[in-house]
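Trainee: Before we talk, could you put the model up? I'd like to ask how each label is earned.

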Amino acid sequence: MNAKDRMTKKNKQGAVFTDDGFSMGVAYILKLLDQYHAFDSLHWSASVIAKYQADLEKAQLSVKRGKDDEKLQQTVQLTKQRLDMFAKEFRLLHYSLSSARIFFRADLTAAEEDEHKEAEGACKQICHT
């Protein structure tokens, strides 16, 4: 996030930005090791979303408790902005990873992919005879 913020500033030294290289790498490794079902069983996306929602609710409770404290209001507002930014970045990562999975045909395990290829081969033999 810090590197991405540096891209918009005048002094861009040390700024690095990648859009989908990380998610493509993760998708490739998961496909290569046939670990998509294990990765999906972690429910990683749902747990990250739940964490951000819980943090946001905590921040909103702080606002209700300290209505008169102006510094607390400012701190909570900055916290909300930071949480929103991280949630947005996570959604972008999730979409990028989903796209990469489609690219690597990650909807199939290695065994299912082999069955699919065998079925296509059998269909081609039947269709050509």
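Mentor: Let's start with burial: buried means under 20% relative accessible area, exposed means over 50%, and partly exposed is in between, with a 1.4 Å probe and protein chains only as cover. Helices (H or I, at least four residues) and strands (E, at least two) are DSSP runs, numbered from the N terminus. With those terms, S23, A27 and L30 are buried in α2. This is a predicted model, where local features need pLDDT of at least 70, side-chain atom pairs count only at pLDDT 80 or more, and totals for chains, interfaces and linings use all residues. Residues are numbered from 1 along each chain as its sequence is written, and side-chain values use heavy atoms, leaving out hydrogens and water.

Trainee: What makes S23 buried?

Mentor: S23 has a relative accessible area of 3%, and the cut-off for buried is under 20%, so S23 counts as buried. Its place is in helix α2.

Trainee: Which residues does S23 touch?

Mentor: Leaving aside residues up to four places away in sequence, S23 touches L93, S96, L97 and A100. Contact here means heavy atoms within 4.5 Å. By that rule, the buried residues of α2 pack against α3 (36–41) and α5 (70–103).

Trainee: How do you know that S23, A27 and L30 are on the same side of α2?

Mentor: The buried residues S23, A27 and L30 cover an arc of only 65° around the axis, and that puts them on the same side of α2. The arc is taken from the directions from the helix axis to the C-beta atoms. The general background is that an α-helix has 3.6 residues a turn, so residues three or four places apart point the same way. On the other side of α2, F22 and L32 are exposed.

Trainee: How do you know that the length of α2 agrees with what a helix should span?

Mentor: The expected span is 1.5 Å times one less than the number of residues. For the twelve residues of α2 (residues 21–32) that should be 16 Å, and the end C-alpha atoms are 16 Å apart, so the two agree.

Trainee: What is notable about the phi of D34?

Mentor: D34 has a positive phi of about 55° although it is not a glycine. Most residues other than glycine have a negative phi. D34 follows α2 and sits in the loop between α2 and α3. Its relative accessible area is 37%, so D34 is partly exposed.

Trainee: Where else is there a positive phi of about 55° in a residue that is not a glycine?

Mentor: At H43, which also isn't a glycine. H43 is found in the loop between α3 and α4 (44–65). With a relative accessible area of 54%, H43 is exposed.

Trainee: Why is the pair of Y28 and F104 called tilted?

Mentor: Rings of Phe, Tyr and Trp (its six-membered ring) pair if their centres lie within 6.5 Å; planes under 30 degrees apart count as stacked, over 60 as edge-to-face and the rest as tilted. A search of the whole structure finds four aromatic pairs. Y28 and F104 are 5.7 Å centre to centre with 50° between the planes, a tilted pair. Y28 lies in helix α2 and F104 in the loop between α5 and α6 (110–128), so the pair ties together parts that are 76 residues apart in sequence. At 42% relative accessibility, Y28 counts as partly exposed.

Trainee: What makes F39 and W44 an aromatic pair?

Mentor: Their centres are 6.2 Å apart, and with 50° between the planes this pair is tilted. F39 counts as buried at 19% relative accessibility, while W44 counts as partly exposed at 33%. Elsewhere, ring pairs link Y28, F103 and F104 into a cluster.

Trainee: What is the secondary structure of the chain, and how confident is the predictor?

Mentor: The chain comes to six helices and zero strands. For confidence, the score is pLDDT, given for each residue from 0 to 100. The chain averages 79, and 74% of the residues score at least 70. Confidence is lowest in helix α1 (residues 2–7), at a mean of 56, and highest in α2, at 90.
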